[in-house]
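The following exercises concern burial, contacts and strand pairing in one protein model. Please work through each task before reading its solution.

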Amino acid sequence: MISTTTISRRQALQRTLLLPLVAGVSSAASAEPAATGRSATVLVAYFTRTGNTRLIATQIARALEATLFQIVPAAVYPEDYETQVAQAEDERQRGFEPPLQATVPDLSSYETVFLGFPIWGMTAPSVIRSFLSQHDLSGKTLVPFITHGGYRLGNSLAVVAEHAPGARPIDGFSKECDQERETLREVTQWLGSVEIGR
């Protein structure tokens, strides 16, 4: 079962200890996609919007001396939160899988793939479906790590299983991080009470 905890972005940035999920897999390790690292067998692939998932991905890669690969859509998502949410929902409803800027070179050399992403609309973002459709993970150990804003994992694990049918999934890690929608709601309420030029 995926472990869950609650943490703010500030707390997450202050934490430097090894994440619990790596203990069970010691036998397994910018806007542009990046691939760096030393391990010949472990890949850490992640998609991030706010940086929370990147923080976890970087820690995993550092701890396991693994290759780090950022999943980036060819057309980046809008900066505006509400616009991005609307686009993500449209993609989900249409079953659209956005093209990627790059794919993982020499995927066959990896035995274990850590796959990180945030929950969007109670599921995995469409770009994760794209990544899994374009990368055959058959025979590889697949370890999810997921960030969410309080709505838990939704059907994201089912999406991963469906799009990576030949992979060997193992229990992963999830963490509740900052909830943008709640922050925006609170800011809007506060602005309603601010008297500027009145």
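**Exercise 1. Determine how many residues of strand E6 are buried, and how E6 is joined to E5.**

Step 1. Strand E6 spans residues 141-148, and eight of its eight residues are buried. Buried means under 20% relative accessible area, exposed over 50%, and partly exposed in between (1.4 Å probe, protein chains only). Helices (H or I, at least four residues) and strands (E, at least two) are DSSP runs, numbered from the N terminus.

Step 2. The model is predicted: local features need pLDDT of at least 70, side-chain atom pairs count only at pLDDT 80 or more, and totals for chains, interfaces and linings use all residues. Residues are numbered from 1 along each chain as its sequence is written, and side-chain values use heavy atoms, with hydrogens and water left out.

Step 3. Both faces of E6 are covered. One side carries Thr141, Val143, Phe145 and Thr147, and the other carries Leu142, Pro144, Ile146 and His148.

Step 4. E5 and E6 run parallel and are joined by seven bridges; two strands pair if DSSP finds at least two bridges between them. Proline 118 stands opposite threonine 147 of E6.

**Exercise 2. Identify the buried residues of helix H4 and the elements that cover them.**

Step 1. H4 comprises residues 126-134, of which seven of nine are buried.

Step 2. The buried residues are Ser126, Val127, Ile128, Arg129, Ser130, Phe131 and Leu132.

Step 3. Their cover includes strands E3 (42-46), E4 (67-70) and E5 (112-118), together with helices H3 (81-94) and H5 (156-163).

**Exercise 3. Is glutamate 97 buried or partly exposed, and which residues does it touch?**

Step 1. Glutamate 97 lies in the loop between H3 and E5. Glutamate 97 counts as partly exposed because its relative accessibility is 32%.

Step 2. Leaving aside residues up to four places away in sequence, glutamate 97 touches Ser126, Arg129, Ser130, Ser133 and His163; contact means heavy atoms within 4.5 Å.

Step 3. The side chain of glutamate 97 makes polar contacts with the side chains of serine 133, at 2.9 Å, and histidine 163, at 3.5 Å. A polar contact is a pair of N or O atoms within 3.5 Å; within protein, one must be able to donate a hydrogen and the other to accept it, and residues adjacent in sequence count only if both atoms are side-chain atoms.

Step 4. The C-alpha atoms of glutamate 97 and phenylalanine 131 are separated by 8.6 Å, and the two residues are 34 residues apart along the chain.
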